[in-house]
Each structure stands twice: as C-alpha cells, then as structure tokens.
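Reader: I am new to this structure and would love a short tour. Could you take me through it one question at a time?

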Amino acid sequence: TNSSELLAQGKGRLTYIYAWLACKDENYQTAYEIVHAESNVTKENLKTNLKLFTLLKMEKTVDVILRLEDIIENYDGPERMRNQKPKFCKEVIQLLVKAVKESPDKEHVS
C-alpha cells in the first residue's frame, strides 16, 4: 500500500488534515488520493470540497464539471434526505469560475 492509503485507513478527521496540509504544500495529487481513499460518509461535504479543490489546482476543470454533474445527480430526487444538500466552500466556487473562464475547452465547460 502507498502512503495515501495508509493515511486514509481509519483516520477520520486526520485524513482531511493530512489532505489539507498536502494542498498547502502544493502537492495536490497526494491530497486528492488521500481524500479519495477516505470512506467516511459523515464528512461528505468536506470530502467533496477537498476533491474539487485539488482537481481545480491540478487544472482538471472537465473532471470537476463531471464530478459536479455526479453530485447533482446523486442529490436529486426523492431518495435524497431533506437536510442532505451539497455545500461548496467559497474558495472552490471562485476557483471554478476562474478555471471555466480561462479554459480553452469551451465545449465541455459551457
């Protein structure tokens, strides 16, 4: 197993701290892998925001848009619990807006 998997196994809150520290060190790929390996569903909004943040920092705008489409699809419909709405942090939204404006791939981001 690699270090990302070890950090994510049963670490809960520490997983997100490690992921954020990796982001602060501009090691976005490692941060994404740490968060991706985490299976704690009670921190879904935090996990989602960290995933989107790392993808945006790695300039994977199309991947972010596809992930957002998945989120919308998963949170839509009668199976969604009433208070189970996705929440996005301001920095993620700002990065996304900037990435879409600067993206050369206008077909996928429009």
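Reader: Thanks! To begin, is C89 buried, partly exposed or exposed?

Author: Happy to help, and please keep in mind that this is a predicted model. The relative accessibility of C89 is 34%. Buried would need under 20% and exposed over 50%, so C89 counts as partly exposed.

Reader: And what about C23, buried or exposed?

Author: Let's use that cut-off again: under 20% relative accessible area means buried. C23 has a relative accessible area of 4%, so C23 is buried.

Reader: How many disulfides are there in the whole structure?

Author: A disulfide calls for two cysteine sulfur atoms within 2.5 Å. When the whole structure is searched for such pairs, the number of disulfides found is zero.

Reader: Which residues make the nonpolar surface patch of about 360 Å²?

Author: One good place to look is helix α2, residues 13–24, where L14 lies. L14 has a relative accessible area of 41%, so L14 is partly exposed. A patch residue needs over 30%. The nonpolar patch of about 360 Å² is made by L14, I17, Y18 and L21.

Reader: Lovely! Now for the largest pocket: which element gives the most to its lining?

Author: The largest pocket holds about 320 Å³ of space. Its lining has 13 residues, with L56, E59, T61, A99 and E102 nearest the centre. Two or more lining residues come from each of α4 (44–57), α5 (61–75) and α6 (90–102). With four residues, the element that gives the most to this lining is α6.

Technical notes. Residues are numbered from 1 along each chain as its sequence is written. This is a predicted model: local features need pLDDT of at least 70, side-chain atom pairs count only at pLDDT 80 or more; totals for chains, interfaces and linings use all residues. Side-chain values use heavy atoms; hydrogens and water are left out. Buried means under 20% relative accessible area, exposed over 50%, partly exposed in between (1.4 Å probe, protein chains only). Patches are made of residues with over 30% relative accessible area and no salt bridge: like charges are joined within 9 Å, nonpolar side chains (Val, Leu, Ile, Met, Phe, Trp, Tyr) within 5 Å. Accessible areas come from the Shrake-Rupley method with a 1.4 Å probe; for residues, only the protein chains shown count as cover. A salt bridge is a side-chain nitrogen of Lys or Arg within 4 Å of a carboxyl oxygen of Asp or Glu. On a 1 Å grid over the protein atoms alone, a cavity is a set of points where a 1.4 Å probe fits but cannot get out, and a pocket is an open set with protein on both sides within 12 Å along at least five of seven lines; lining residues have an atom within 4 Å of a point. Grid points are joined across faces, edges and corners, and a volume is the space filled by probe spheres set on the points.
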